[in-house]
Amino acid sequence: MRKAEPDFYVANYVTITQDSRTGLVLALGGDTDQAAGILQRAGFLDAPGPRGTYHRLPHHLPVQEQRRKATAASQALLAAGYSVHLDPSLNDLAVPDGDRNAALRYLLQLSERAGDASDTQEQAALLTEIAAPGEGLVPLIREAIAVLCVGSLADGADRQPVRRLMSTADALSRAADQILQLRNDIARTPAPPASAVRMPSPVSRLPTTPVNHRRIP
C-alpha cells in the first residue's frame with residue numbers, strides 16, 4: 001500500500017538570506033501574522049513585493065548589526081515553532097571573527113606553501129592565487145580600496161586623502177599585472193632536468209701473485 005505524502009505548511013518555513021543584487025537582508029516565507037510580528041520585533045520592515053508583502057532589514061545597516069538582527073529573528077522564529085533557514089554568513093552565533101581568522105589562516109598557509117614550493121609549476125600556481133584577475137588577493141584588496149574611495153567621495157570626504165587612496169589602488173593594479181607577467185615567465189620556464197646520479201665504478205681488483213713460502217737453499 002502506497003503511503004500518502006505528509007502535509008507541509010509552507011507558511012511555517014522562513015528563509016533569512018541576503019540578496020546578492022541589492023545587498024538587502026530578506027525574510028521570505030512565514031506568511032502569518034505571528035511570523036510577521038516576530039520579524040518586526042527583531043527589526044525587520046514589511047515591504048510590498050510583486051508576490052505579496054515580504055520583510056527586510058533597513059538599508060545601510062552595518063554588517064554586524066545585520067547579523068545580530070537576522071540571528072535574533074531566526075532564534076525567535078525557531079522558538080515559535082517555525083522551520084528557519086538562516087544564511088550562514090548572517091549567523092551571529094558562529095565563531096567570532098570566523099571569516100577573518102579563516103583569511104589569516106589562509107595567508108599563513110600561503111606563506112608556508114611559498115617556502116615549500118620546489119618547482120616552477122608550484123611557484124606559478126601560488127602567484128596565480130596572489131594576482132589572478134577577479135579572485136586574486138591583490139585585485140580583491142585593490143577593489144576594496146576603490147570601493148572605499150567611491151564611498152568617501154559620496155560622503156563628501158576631503159579629496160586629498162581620497163586621491164592618495166586612489167593612487168594606492170592604481171599601484172596595486174600595476175603590481176598585480178607585474179606579478180602575472182612574472183607568473184607567465186615562470187610557467188614558461190622548463191623544469192631543469194634531473195641530474196644524473198653517477199654510480200661509482202667498481203674498483204678493479206689487482207691480480208695477486210701467489211707467495212712461495214718455501215725457503216730458497
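**A walk through the chain, starting from Ser-173**

Ser-173 has a relative accessible area of 31% in this predicted model, so it counts as partly exposed; the cut-offs behind that label are under 20% for buried and over 50% for exposed. The residue sits in helix H6. If you look for what lies across from it, try Arg-142: the two are 31 residues apart in sequence, yet their C-alpha atoms are 6.7 Å apart in space.

Before going further into H6, let's step back to the whole chain. Its 217 residues include a buried share of 22%. There are six helices and five strands, and reading from the N terminus the order is β-β-α-β-β-α-β-α-α-α-α. So where are the strands in that order, and where does the run of helices come? The five strands are interleaved with the early helices, and the pattern ends in four helices in a row. As for how the chain folds back on itself, take the contacts between residues at least 6 apart in sequence: 51% of them join residues at least 24 apart.

Let's begin at the N-terminal end, with strand E1, which covers residues 13-18 and holds Ile-16. Ile-16 has a relative accessible area of 0%, so it is buried. One residue to look at beside it is Ala-70: the pair is 54 residues apart in sequence, but the C-alpha atoms are 7.0 Å apart.

Next comes helix H1, residues 33-41, with a buried set made up of Ala-35, Ala-36, Gly-37, Ile-38 and Leu-39. What covers them? Strand E2 (25-29), strand E4 (52-56) and helix H2 are among the elements that do so. After H1 you reach Gly-43, which has a positive phi, near 110°. There is another positive phi further along, and this one is not on a glycine: His-60 has a phi near 65°. His-60 belongs to the loop between E4 and H2. Is it buried or exposed? With a relative accessible area of 81%, His-60 is exposed, because anything over 50% counts that way.

That loop leads into H2, where two hydroxyl-bearing residues are worth a click. Thr-71 is in this helix, which spans residues 63-79, and Ser-74 is in H2 as well. Thr-71 has 5% relative accessibility, so it counts as buried; Ser-74 has 2%, so it is buried too. Setting aside sequence neighbours within four places, Thr-71 is in contact with Leu-86, Leu-90, Asn-91, Asp-92 and Leu-93. With the same neighbours left out, Ser-74 is in contact with Ile-16, Val-84 and Leu-86. Leu-86 appears in both lists, and the contact with Ile-16 takes us back to the buried residue in E1.

Now for the helices at the C-terminal end. H4 and H5 pack with their axes 3 Å apart, at an angle of about 10°. That makes the two helices roughly parallel, since an angle under 35 degrees counts as such. Which residues meet here? On the H4 side they are Glu-129, Ile-130 and Ala-131, and on the H5 side Leu-137, Val-138 and Pro-139. Sorted by type, the contact has five nonpolar residues, no polar ones and one charged.

H6 closes the tour. At its start, a side-chain oxygen of Asp-158 comes within 3.3 Å of the backbone nitrogen of Gln-160. How does the span of this helix compare with what its residue count suggests? H6 has 30 residues (159-188), so at 1.5 Å a residue it should span 44 Å, and its end C-alpha atoms are indeed 44 Å apart, which agrees.

The buried residues in H6 are Val-162, Ala-169, Ala-176 and Ile-186. They pack against H4 (120-131) and H5 (137-154). When looking down a helix like this, keep the periodicity in mind: an α-helix has 3.6 residues a turn, so residues three or four places apart point the same way.

Towards the far end of H6 you find Ala-187. At 29% relative accessible area, Ala-187 is partly exposed. Leaving out residues up to four places away in sequence, Ala-187 touches Gln-121 and Ala-124. Its C-alpha atom is also 8.7 Å from that of Ala-125, a residue 62 places away along the chain.

Note on methods: Residues numbered from 1 in each chain as written. Predicted model: local features only at pLDDT ≥ 70, side-chain atom pairs only at ≥ 80, totals over all residues. Heavy atoms only, no water. Expected span 1.5 Å × (residues − 1). Buried < 20%, exposed > 50% of the residue type's maximum accessible area, 1.4 Å probe, protein only. Contact = heavy atoms within 4.5 Å. Polar contact = N/O pair within 3.5 Å; in protein donor to acceptor, adjacent residues only side chain to side chain. Axes fitted to C-alpha atoms, helices over the stretch in contact; angles between N-to-C directions. Parallel < 35°, antiparallel > 145°, perpendicular 65-115°, else oblique. Nonpolar A, V, L, I, M, F, W, Y, C, P; charged D, E, K, R; others polar.
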